[in-house]
Amino acid sequence: MAYVKVGQVKSTLGKAVKYITNPEKTLNYALVTTTTGDRVDDSNAIAQSFLRNVEQTKGGTRRRNAVLAHHIIQSFDPEDHMSAEQAHHIGVRFIEELTAGSHDYVIATHVDKDHIHNHILLCPASNVTHKAIRVQKNTLKQWRKISDQLCEENGLNVIIPASAERTELGIAELYLSARADSFKDAVRTAIDRFCERAATFESFVEHMRTAGIDVGVRGQHLTFTVIETGQRIRDTKLGVAYNEMSIMSKLNHRTLNMISFNDTMIAKRSAGAISVWMPGSSRSLQLTIPIAQVVRDGHTWRAYLADDVK
């Protein structure tokens, strides 16, 4: 099964290329392909190739709200049990079908989540006609149909269109809005939605990043940044229901209290928990905290514990 969604990159194209080709997400670039002729580890060169093509369209990059790339995400269901290489192969076939070989692209398959997904940056300018592709009302529907056909050919499940229209937060909702309140509401919606899906803060951050929002932790404040545009907003601008304490409470579905400690107070760590020396116990008593209830900020850790924890 695959789900396709699309957004537009109108600035910081180099950062967008760098994000999707991240070697930590793509098996050290093994799952990255580009038609620009540039090295897959040279994000700036790939971006410049896109820009040169866009410059040849009417108005070029100087055109108001010029689209520098279409960002397509093709997500696969973990139940399909496909390999990363198969997902990448399907993604390449998918984008080749869309472009008929007339547009440059860079595709990267991410394997750092519990579901494999392809990030594709499509250059809007045709190499043949030098005209820009237009994503219209029915374009996404046509693209999903192509993706579904490829899934069927490879023995994967196919989403029923009627139930797929709003299964994920649309990328377009996360981009710069005409009104600041619209942007705030989009971020709040994403936070609420992914708090329902995630069990840990780390998982919440990964869900947000998949939707195009980076979550930064500094002190006890969070900063939410739209990856493609660089637009950011602090939790203080969203309201107290969206600060770190509130998010941890939503993840744990209960009221929490916060304690903080640094690296020197850690007795031991495992994949599922962290044990901390209790202050004033001369390192004779430890408190074991599930990793799901911990947020790390450099050398500082904050644990969010329910009232009934002793």
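The exercises below walk through selected helices, strands and sheets of one predicted model.

Residues are numbered from 1 along each chain as its sequence is written, and side-chain values use heavy atoms, with hydrogens and water left out. Because the model is predicted, local features need pLDDT of at least 70 and side-chain atom pairs count only at pLDDT 80 or more, while totals for chains, interfaces and linings use all residues.

**Exercise 1. Describe helix α2 and state what covers its buried residues.**

Step 1. Helices (H or I, at least four residues) and strands (E, at least two) are DSSP runs, numbered from the N terminus. Helix α2 covers residues 43-55, which is 13 residues, and spans 18 Å from its first C-alpha to its last, close to the expected 18 Å, where the expected span is 1.5 Å times one less than the number of residues.

Step 2. Taking buried as under 20% relative accessible area (exposed is over 50%, partly exposed in between, with a 1.4 Å probe and protein chains only), the buried residues of α2 are S43, A45, I46, A47, S49, F50, N53 and V54.

Step 3. The cover over these buried residues includes the helix α1 (13-20) and the strands β2 (32-34), β3 (69-76), β4 (105-110) and β5 (117-122).

**Exercise 2. Work out how α1 and α2 cross, and which residues make the contact.**

Step 1. Axes are lines fitted to C-alpha atoms, for helices over the stretch in contact, and angles run from 0 to 180 degrees between N-to-C directions. The axes of α1 and α2 come within 8 Å and cross at roughly 130°.

Step 2. That angle makes α1 oblique to α2, since angles under 35 degrees count as roughly parallel, over 145 as roughly antiparallel, 65 to 115 as roughly perpendicular and the rest as oblique.

Step 3. The crossing of α1 and α2 is right-handed, meaning that the near helix is turned clockwise from the far one by less than a right angle, whereas anticlockwise would be left-handed.

Step 4. With contact taken as heavy atoms within 4.5 Å, α1 contributes L13, G14, V17 and K18, and α2 contributes S43, N44, I46, A47, F50 and L51.

**Exercise 3. Determine how enclosed strand β3 is, and how β3 pairs with β5.**

Step 1. Eight of the eight residues of β3 are buried, so this strand is largely enclosed by the rest of the structure.

Step 2. The side chains divide into two sets, with A69, H71, I73 and S75 pointing one way from β3 and H70, I72, Q74 and F76 the other way, and all of them are buried.

Step 3. Two strands pair if DSSP finds at least two bridges between them; β3 and β5 run antiparallel and are joined by six bridges, and H70 has L122 of β5 as its bridge partner.

**Exercise 4. Trace the sheet that contains β6, and say which helix packs on this sheet.**

Step 1. The sheet is open, has three strands in the order β6-β7-β8, and its pairing is antiparallel.

Step 2. Because β6 (213-218) and β8 (232-234) stand at the edges with a single partner strand each, one side of each is left without a neighbour in the sheet. Neighbouring strands here are turned by 20° against each other on average, direction ignored.

Step 3. Six bridges join β6 to the antiparallel strand β7 (residues 221-226), and R218 stands opposite H221 in β7.

Step 4. Helix α6 (residues 201-210) packs on this sheet and touches β6 and β7, and the direction of α6 makes about 140° with that of β6.
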